[in-house]
Amino acid sequence: MGNRYLQADLNTFSVKRVYGVTVLTSIFSDGEMSSKDGIVLSATSVDRQFGSILNGLHISSCKVGYLPNLDLITAVEQACRNQSVGPVVLDPILFDETGSPILDDTAFSKYVTDLIPLANVITPTIEEAEKIVGFEITSDDDVIHAANELRGIGVQNVLIKGSNEHQGRDNIRDYVLLEDGDDFWLTDKHAPFPQPSGKDDALSACITAELANGQKTENAIRTAKEFITDATRNVLQVGDSIESINFWS
Ligand SMILES: Nc1ncnc2c1ncn2[C@@H]1O[C@H](COP(=O)(O)OP(=O)(O)OP(=O)(O)O)[C@@H](O)[C@H]1O
Ligand SMILES: Cc1ncc(CO)c(N)n1
């Protein structure tokens, strides 16, 4: 978990009036997921972290992010399956900053077969959705087809983020397919330059927080998208180096 990613999650939980607790899977400097200098924690450590937060806390919902190997996927899958963690929001992190896949074939296969079906909501980018469903997404029909394939794997609700797609367009469109078969596009204008960071984590963290607050999944998704729209239009300059979304918008 890079510093800025974790801050985006916790700041989002906080402004949504949810107390966030964490199970760390790894530690690396911002922008250095692909470097060999980061630390990947052991499955035992992850088990123990789950043990300590589950001992005495009622977990209302759970966001799952960076899982860089088979052991960690297995540890988190077991915890989500066997413990009471509430609805799971799965934000797949499948490529590092250089665009290289993070997981080897065995780990990726485990991720798809055993972890994805546990999710209440999955929030892939187009590229992540392509990797999971195994075909290229070049049209709206492909997005819809991919979302249905994801539902076929067992995940209940799907949000495919359109940020990197259709580069020439004025609008950004995320596609949502709900458990009951209802679907819709969430449309927004491109936020003006500079693009603040944190949108990715804040979107899935906000869905998680709204689920913890008792919202239905559709409302949680719609509220989260509105949160991102507001937070993105309002850059938070932190010191000289961080241009973040503004969580307090
Ligand atoms: N330029 C933008 N303007 C407005 N909304 C955006 C923009 N880019 C992404 N979003 C929205 O932010 C949410 C997260 O999308 P995504 O994870 O693809 O963003 P990202 O650009 O990778 O985020 P990060 O800020 O973490 O780099 C989605 O709802 C997406 O539509
Ligand atoms: C967007 C993103 N990339 C990487 C990580 C790894 O922690 C994360 N949590 N979120």
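Two strands count as paired when DSSP finds at least two bridges between them. With that in hand, take strand S6 (residues 157-160) and S7: three bridges join them, and they run antiparallel. One of the residue pairs here is Ile160 with Tyr175, the latter sitting in S7. Keep in mind throughout that this is a predicted model.

S7 has a partner on its other flank too, as the sheet order below shows. S7 and S8 pair over seven bridges, again in the antiparallel sense. Asn171, for instance, has Lys189 of S8 as its bridge partner. The two strands form a hairpin with five residues between them, and in that hairpin Gly181 adopts a positive phi near 95°. As for cover, S7 is mostly tucked away, with six of its seven residues buried.

Zooming out, these strands belong to an open sheet of six, ordered S3-S4-S5-S6-S7-S8, with mixed pairing. Its edges are strand S3 (62-64) and S8, each of which pairs on one side only.

**The chain as a whole**

The secondary structure adds up to eight helices and 10 strands. The radius of gyration is 17 Å, close to the 18 Å that the globule rule gives for 249 residues, so the chain is as compact as a globular protein of that length. If you want a box for the C-alpha atoms, roughly 45 × 45 × 40 Å along the principal axes will hold them. Of the 249 residues, 46% count as buried.

**Around ligand 1**

What surrounds ligand 1? The shell consists of 18 residues, and the closest are Ser163, Asp174, Ala191, Gln195 and Lys225. Sorted by class, the shell has five nonpolar, six polar and seven charged residues.

Three of the contacts to oxygen atoms of the ligand look like this:

| Residue | Protein atom | Distance to an oxygen atom of ligand 1 |
|---|---|---|
| Lys161 | polar side-chain atom | 3.1 Å |
| Gly198 | backbone N or O atom | 3.1 Å |
| Lys199 | polar side-chain atom | 2.9 Å |

Taken alone, ligand 1 exposes 630 Å², and the protein buries 85% of that. The elements that give two or more residues to the shell are strand S7 (171-177), strand S8 (183-189), helix H7 (199-212) and helix H8 (217-232). The largest share comes from H7, with three residues. So the hairpin strands come up again here: S7 and S8 are both among the elements that give two or more residues to the shell.

**Lys161, with several contacts**

Back to one of the residues in the table. Lys161 sits in the loop between S6 and S7. Is Lys161 buried or exposed? The cut-off for buried is under 20% relative accessible area, and Lys161 comes in at 6%, so it counts as buried.

Its side chain has protein contacts as well as the ligand one. The side chain of Lys161 reaches the backbone oxygen of Thr123 at 3.1 Å. With the side chain of Asp200, the Lys161 side chain makes a polar contact, also listed at 3.1 Å. Add the ligand oxygen atom, 3.1 Å from a polar side-chain atom of Lys161, and you have a lysine worth a look in the viewer.

**The loop between H1 and S1**

Now for another part of the chain. Gly20 lies in the loop between helix H1 (3-15) and strand S1 (26-27). With a relative accessible area of 24%, Gly20 is partly exposed. Gly20 and Val46 are 26 residues apart in sequence, and their C-alpha atoms are 16 Å apart in space.

Arg17 is in the loop between H1 and S1 too. Which sign does phi of Arg17 have, positive or negative? Phi of Arg17 is near 60°, a positive value in a residue other than glycine. Arg17 is exposed, with a relative accessible area of 76%.

Terms used:
Residues numbered from 1 in each chain as written. Chains lettered and ligands numbered in written order. Predicted model: local features only at pLDDT ≥ 70, side-chain atom pairs only at ≥ 80, totals over all residues. Heavy atoms only, no water. Near = heavy atom within 4 Å. Polar contact = N/O pair within 3.5 Å; in protein donor to acceptor, adjacent residues only side chain to side chain. Areas by Shrake-Rupley, 256 points an atom, 1.4 Å probe, with all protein chains shown as cover. Helix = DSSP H or I, 4+ residues; strand = E, 2+ residues; numbered from the N terminus. Nonpolar A, V, L, I, M, F, W, Y, C, P; charged D, E, K, R; others polar. Buried < 20%, exposed > 50% of the residue type's maximum accessible area, 1.4 Å probe, protein only. Rg over C-alpha atoms; globule rule 2.2 N^0.38 Å.
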